[in-house]
Amino acid sequence: MHLRNIFISTLITLAGLVPAKVYAQDIEEELRHLDATINMADEYYRNKETLISSLESLLTYPNTSAEQQFTIYGQLYKENYAYSFDRALSALNKQEELAKNLGDTEKLQVKLDKAMLFATAGLYLEARDIVDNQLDTTKLTKDQKIEYYYTMQRFWKDYKEYSDGKDIMGEPVPSRYRYFRDKYIESTDESDLRHNQLIIFNLMDDEKVAEADSLNMGLLAGLDSLSHEYAIMSYYQALISERKGDPKGRLHWLIKSATIDFRNAVKDYASLSSIATDILDSDVERSSRYIQRCIEDALFYNAKLRPWQLARLLPDIDNAYKNKQELAQSKMTKNIRVISAISIMLLLVSIALLFFFKRKAEASNELEEELAEYQLKVGELEKKNAIVLEAFDRLSASNNTKKEQIVSLLSACNTYLDKAKKSLSPEQREAELKQYYNIFDNAFLQMYPTFVEDFNALLRPEQRIELKKDDILTTELRIFALIRLGVTQSSTIASLLRYSVNTIYNYRAQIKNAALNEREDFEKRVKKIGSIDF
C-alpha cells in the first residue's frame, strides 16, 4: 500500500480503541437522504441516457475507422455494464463483428468482456462456454491474462453463491476462485485497486477481519466519495461490519453504497435489497418500497441473477406485513369493542331516560333537548365506528402489493426463460423450468401456507388433489393459486405457467365440476382462501 493509505489505516485502527464511530449515528437521517436520492433517480438516468446517446452519435460520423468504432462500442459497453444488460451485450456483439477484420487482441478482448458480463449477470452456462470453448488463453496479452484471472475468480465466486458452494467434478468451488484470486494478486501490485480488493476478500476468508477492516478503510479514504468504485468499497465495508458484529455500521455503509449507486445510474446493484432486509422488522413499509424499486430496476437491467435473489425476500416481507396487520387488527378490535360497549351503554341510558322522561310531564321541553343531545352522541360514536371499519378495510387492501410483487417477479422470470430457450439444451430448459415453478410455489405458500388443505376442502372428497412426493404444487393448484393472487384471465395464466390457453381452460372446467357446492361460485370461494375475517 502507499504510505498515505498505511498512515490513514493506522489512524482508523487506533480510533477503533475508543467509543467514537467512523460513521454517522443517525441512521434515520441517512435513510431519508437515500429516499431523496431515489426520488431524483429519473434525473440521473436521463443524464446516463444523454451520455450513451452522445457516444452513439459518434458512430454516425463519416470516415470513422473500424478501430475507432471498436473503441466507441467499448465505451458503450462500459457505460451499460451496470445499467442495461441488453445494451451492454449488444455493444459487445458489435465489437465482435468489427474484431473479425482487426486482430487476435481485439477478438480475445471481446471474449473476456462477454465472459465477465455473463458471469455478473448470472448466465453461468454462457460464461463457462466462452472460457472453456472459445477463449484461447495461450494468445492472451499480459494485461489480458491478468483480466482473465479476475474474470475467472469472479465467475467462481458468484457461482459459489448461486450453487450454494456445491462441488464441480469433485473439486470444491472455493479452491477455484481462491486459485485465480491469488494469481491476480501475484500479477499486479498495490497501485491496482482490484489487487487490494482481492486481498481484502482473502483476509475475510481467513477470518482476519481487523486487517480487512483497516485495509478497506484506507482504500475508501483515497477514493472519490461519489465514484462507482467508492460504492463498491462501501458495500465491502458493510460486509466487514457484519463480520465485526456491528449491524449499525453495516447499515450505514449499505446506505452509502446504495445512495452512490443511484447517483451513478446503476441498475444492477445489491445494496438496496440488503437494506430492505435489515430494516424489515423496524420499517416494513419502507422495506417493501425498496424491494419494489429493486424489482423494477432488475426488470430494466434484464439479467437472470437479481430476480432469483429478490424472490427469496418476498416471503419475509409477507410475514412482516402479516405481523403488522395482525397487530393493527388487534388494536382495532379492542377499540371497536370499547366503542361498541359505550354505544350500547349510551343507547340503554337513552332508552332509560326516555322511559323516565315520558313518565314525567314537567319540564318536557328541557328533557327532550337533553335526550336529543344523548342521541347526537350515539350518532357520533356510530360515525367513529364506521371510520374505524373503513380504516380496517384499507389495511386489508395493502395485501394487494405483495400479490403484485409475486406476479411481477413471475412475469420477469418467464421472460428470461423465453429469451434463454434457444441457448439452453432440453435438460437445461427442464431444470430452469422446474426451478421457475419451485420459486413461485415457495413464495405463494409462504403467503398462504394452508392453501392446499383449504382448496381441497372446496372439492368433493373423491376429487381432492393428493400431492406427489416431489411436488410442491400441481398444475391445477398453480392455476388456482394465480386466481387467488388476482390473475383470472386464462390467456395470462397460460403465459405465466407456459401452457396453452385450452389446457388452462380445461383444467379450470375440470376442477369446477369437482366442486363440493355450486360450481358458479367456486372461484369466488378460492379467492377468499387465507383471508382474515373480521
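At what angle do the axes of helix H2 (residues 27–39) and helix H15 (residues 284–301) cross, and within what distance do they come? In this predicted model, the two axes cross at roughly 35° and come within 13 Å. Before this pair is examined in detail, the chain as a whole deserves a brief description.

The secondary structure of the chain consists of 25 helices and zero strands. Of its 534 residues, 45% are buried. Among the contacts with a sequence separation of 6 or more, 68% are between residues 24 or more positions apart. The chain exposes about 28500 Å², and 52% of this area is supplied by carbon and sulfur atoms.

The pairing of H2 with H15 can now be taken up again. Two packed helices are described by the angle between their axes and the distance between the axes. To these two values the handedness may be added: H2 passes H15 in a left-handed crossing. On the side of H2, the residues that take part are Glu-28, Leu-31, Arg-32, Leu-34, Asp-35 and Ile-38. They meet Arg-286, Arg-289, Tyr-290 and Arg-293 in H15. By character, the residues of this contact comprise six charged, four nonpolar and no polar ones.

The charged residues lead to the salt bridges, of which the structure holds 24. One of them is formed by Arg-289 and Asp-35, whose closest N and O atoms are 3.5 Å apart. This pair links distant parts of the chain, since Arg-289 belongs to helix H15 and Asp-35 to helix H2, with their positions 254 residues apart in sequence. The two partners may be compared by their accessibility. Asp-35 has a relative accessibility of 13% and therefore counts as buried, whereas Arg-289, with a relative accessible area of 45%, is partly exposed.

A second salt bridge joins helices H20 and H22. The closest N and O atoms of Asp-441 and Arg-478 are 3.0 Å apart. Because Asp-441 lies in helix H20 (residues 426–447) and Arg-478 in helix H22 (residues 475–484), the pair ties together parts that are 37 residues apart in sequence. Both Asp-441 and Arg-478 are buried. Returning to the first pair, Asp-35 and Arg-289 belong to one network with Glu-28, Arg-32, Asp-283 and Arg-286, joined by salt bridges that share partners.

The side chains of Glu-242 and Arg-250 also meet in a salt bridge, at 3.1 Å from N to O. Here Arg-250 counts as buried because its relative accessibility is 14%, a value below the 20% limit for that class. Glu-242 is partly exposed, with a relative accessible area of 47%.

Which residues of helix H14 are buried? They are Ser-271, Leu-272, Ser-273, Ser-274, Ile-275 and Ala-276. Since six of the eight residues of H14 (residues 271–278) are buried, this helix is largely enclosed by the rest of the structure.

Several individual residues with uncharged side chains complete the picture. Gln-153 is placed in helix H8 (residues 142–162). Its relative accessibility is 3%, so Gln-153 counts as buried. Apart from neighbours within four places in sequence, Gln-153 is in contact with Tyr-177, Phe-180, Arg-181 and Leu-198. The C-alpha atoms of Gln-153 and Arg-176 are 7.3 Å apart in space, while the two residues are 23 residues apart in sequence.

Asn-456 is found in helix H21 (residues 451–456). With a relative accessibility of 11%, Asn-456 counts as buried. When neighbours within four places in sequence are left aside, its contacts are with Arg-464 and Ile-465.

Ser-227, finally, is located in the loop between helix H11 (209–221) and helix H12 (228–243). Is this loop residue buried or exposed? At 12% relative accessibility, Ser-227 counts as buried. Not counting residues up to four places away in sequence, Ser-227 touches Ile-260 and Asn-264.

Terms used
Residues numbered from 1 in each chain as written. Predicted model: local features only at pLDDT ≥ 70, side-chain atom pairs only at ≥ 80, totals over all residues. Heavy atoms only, no water. Helix = DSSP H or I, 4+ residues; strand = E, 2+ residues; numbered from the N terminus. Buried < 20%, exposed > 50% of the residue type's maximum accessible area, 1.4 Å probe, protein only. Contact = heavy atoms within 4.5 Å. Areas by Shrake-Rupley, 256 points an atom, 1.4 Å probe, with all protein chains shown as cover. Axes fitted to C-alpha atoms, helices over the stretch in contact; angles between N-to-C directions. Left-handed = near helix turned anticlockwise from the far one by under 90°. Nonpolar A, V, L, I, M, F, W, Y, C, P; charged D, E, K, R; others polar. Salt bridge = Lys/Arg side-chain N within 4 Å of Asp/Glu carboxyl O.
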